[in-house]
Amino acid sequence: MNRLVVVESPTKARTIRKFLPDSYRVEASMGHIRDLPGSASEIPEMYKKESWARLGVNVGSEFEPIYVVPSDKKKVVKMLKDALKQADELFIATDEDREGESIGWHLLEVLNPKIPVRRMVFHEITKEAILGALEETRDMDRNLVDAQETRRVLDRLVGYSISPLLWKKIAPKLSAGRVQSVAVRLLVVREKERILFVPASYWDLLATLRAGTSSFESTLTHLADIPLATGRNFDDNTGRLSDNLVDGKDVVILKEDVARRIQEELQGTALNVVNIDERTSKRNPYAPFITSSLQQEASRKLRLSARDTMRVAQKLYENGLITYMRTDSTALSSEAVKASRRSVEVRYGKEYLSDAPRQFANKVRNAQEAHEAIRPAGTAMKTAQELGLSGQEHDVYDLIWKRTLASQMAEAVIRQTTVHLEANTSRGTARFRASGREVVFPGFFRAYVEGSDDPEAALENRESPLPPLTKGVDLPVEKLEAKGHETRPPARFTEASLIKLLEEEGIGRPSTYASIIDTIVRRGYVQRNGSQLVPTFTAFATTNLLEQQFGPYVDTGFTAEMEQILDDIATGKRESVPYLTSLYVGENGLESMVEKGLDSIDAREVSGIQFEKWSPFVVRVGKYGPYVEQEVDGERVVASIPPDVAPGDLTRDSLQHFIDEKQKGDEVLGIHSELDMPVFVKKGPYGHYVQLGDDEQEGKPKRISVPRNMDPSAIDLGAAQRLLELPRELGQHPETGATIKAHIGRYGPYVQHNRTFASLTKDDDVLTVDFDRALELIARKEAKNKPLRSLGVHPETGDPLDIFEGRYGPYVKHGRTNASLPKDRPVESISLEEAVALVDSKAKTRKSSKKKAVKKSTTKKPAAKKPAAKKVAAKKKTKPKK
């Protein structure tokens, strides 16, 4: 009997294929084989005149989705149908979560098998798990399918309904999303807190004391029995004391003059030990990883983005090295617990085992998945080194391995010592405090310390023991330092802290966090500044509109409630259609909100961003980006704000600077010594540039950007003329004979050899860079331009197919055709056949676009006939139960 097993990816297919007999054929669907229409061209002809066609959802017929098979999936569908003809039984082996169930259901709808169908599920790709799954199959879970379909329809309704409103009222190409808009609002709220923040100043006194041969530090905490203020006692919005009670007493701010006076009085004296408090505490290990905690810890320890973490984890899973990586469950199977405990005993000793096997309560709000936690697959519990892993795969696997073992290890025992010391001053008794910490028994710290990738080094850093001390002893003061402090604004979110908050609030699913962050960065709502996520002015304006017109949709509680309802649909407790109807239809429905917003929202008002500390300036978001606006002598003056300026970093002075720069006008440096034309320094939306000739002359004047390492205000006529002489020819390449040039482009200064453009570093000067340095930079760039993978040749053209790293991610190249790889697919998993399908689909799309453009340009309007529309195949779904 021949059996066909269908999974999502080729890597997963190759791994599973190793465990099955020859009578099993394993093929990959390449993810979803059909979806809602992604563009107007994909909408089936029979629906194009319908009012709801743009949505891809028939809102008048129980929100029935219209599914289409994209052109790049048609070859996959044909391959699967051909394989099905030779099979006697079909196994759907997609992932066991909602997404995987949905992929499997779509496969059945499109393939329409006439043979027995079995659903096999597993959370790790090992021989035991796969063979066990073959024996314990089940039916498709229609509740999971309904929940995923409802989520997809809901996301489409929200995104496609609100986004056009953003285009009309704020700027084109913006998008709204059910979860992404809430995430953006959280970032905006934090940035507003930073803008409104009022810093406060206070002082303290640090004393270095000698005890035998050791020294330690202590801090002044009380003066005349009155507690002194620290940073946590101040209100962020006023800069004044807010929490002014410590031990039932009002706190006071230590001023600089008082701190320095006490410093002088106590210098060279001694502090008396009045109390020593010792206590022992225990630290329990962390739960094994779930999706969100893995993303957070990989961000902190490995500096990986959520997207990169999931990409690496996906590869580890598909290669059979870890269990399924999209999970909310902290549970470990009994086999995994036994394997972990066995490994702990062998590697660290029996004393490092916990007294009994541990299982952890799930703390995730709206936790849904029924998988295990993320752990090493199987029961061998091999290390990353034993598996021969390297690079990011090594690091992520090592993180998972350590966390899993640590979960079954003993508690860490920590001794904390607090010492109080006193001395008399003219201001009363000065009380100091010193704290020490010592790890008595490391327990699970031996394997895992959160936030550190070196447990042994982290153990040393965690220990700061005090020397042996005796009550009543006077300790000489070695050094006294009066230190001034200023409170800091709330920290911006990082990927790790944003994911943590989204999880705590029950917003979205952990498996979607990576794509959410990726989307809000790509759409221009957020910029990355190191590890910080900084909302843009566009994010502020969009949030203004959404809060004004669609308040519930950016409310964390409302969004979390949506997730709970989707969970209820997944378990069969709730029906889909009534819920969608309540959200979309009626006076308070989404459809009505959008219609009212078209009339009531004032585009100028909603795009304005004002704060008292910026007054009298107003920042607005326009079609071409953010700008500052001020009324000067009764006239409105505006000036562009550089796109990389963060809202929270703006001050009244910086806004005034933008206005002043705009009012200066163009600066004439002089007349070009050879061309007898004026030379200007001008400022555009992307920075300063020099220009030869005025704007009224015939033809476009020559313009060259001012490099970042040059001060525009210090440029004289000579420097401007040297810039205008660019590009510079540096010589001929020794191998090709082609001319090497130095020039300035859109992304800054560079050197060029044929089609290779190598950026100059901050230490290079485009006006002085020499031939040898240019060769060095070009050689480095050409080395980087080598393909990530060479897949072979195209079967029809014979031209090579290679994968390169591009600005927006990896892509496959064939001649002049470049096709992006699917976002969820590692480079190593792409086969030659898939690459051929990708480039052929891209080439076909380009040809189709060109034909349409030619037809449009050559057709006379009065006699124009509508061309016969090519029907798009759309297989309507069989309605799942509601």
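Here a trainee and a mentor talk through two helices and a sheet in this predicted model.

Trainee: Why is helix α6 called roughly perpendicular to helix α16?

Mentor: The axes of α6 (residues 180-196) and α16 (residues 537-549) cross at roughly 110 degrees. Angles of 65 to 115 count as roughly perpendicular, so α6 earns that description relative to α16. The crossing of the two is left-handed.

Trainee: How do you know that α6 and α16 meet, and which residues of α6 take part?

Mentor: Contact means heavy atoms within 4.5 Å. On the α6 side, Ser181, Val184, Arg185, Val188, Glu191, Lys192 and Ile195 meet residues of α16, among them Phe540 and Leu546. The axes themselves come within 9 Å.

Trainee: What is the make-up of that contact by class?

Mentor: There are six nonpolar, three polar and four charged residues.

Trainee: Now the sheet, please. What makes β26 and β29 edge strands?

Mentor: The open sheet has the order β26-β27-β28-β29, with antiparallel pairing. β26 (728-732) and β29 (756-759) each have a single partner strand, so one side of each lacks a neighbour in the sheet. From one strand to the next, the twist averages 30 degrees.

Trainee: How do you know that β27 and β28 count as a pair?

Mentor: Pairing needs at least two bridges. Strand β27 (residues 739-745) and strand β28 (residues 748-753) have six, so they pair, and they do it in the antiparallel sense. Glycine 745 stands opposite glycine 748 in β28.

Trainee: Which helix lies across this sheet's strands?

Mentor: That is α23 (residues 771-784), which lies across β26, β27, β28 and β29 and runs at about 110 degrees to β29.

Key
Residues are numbered from 1 along each chain as its sequence is written. This is a predicted model: local features need pLDDT of at least 70, side-chain atom pairs count only at pLDDT 80 or more; totals for chains, interfaces and linings use all residues. Side-chain values use heavy atoms; hydrogens and water are left out. Axes are lines fitted to C-alpha atoms, for helices over the stretch in contact, and angles run from 0 to 180 degrees between N-to-C directions. Helices (H or I, at least four residues) and strands (E, at least two) are DSSP runs, numbered from the N terminus. Angles under 35 degrees count as roughly parallel, over 145 as roughly antiparallel, 65 to 115 as roughly perpendicular and the rest as oblique. A crossing is left-handed if the near helix is turned anticlockwise from the far one by less than a right angle, and right-handed if clockwise. Ala, Val, Leu, Ile, Met, Phe, Trp, Tyr, Cys and Pro count as nonpolar, Asp, Glu, Lys and Arg as charged, and the others, Gly among them, as polar.
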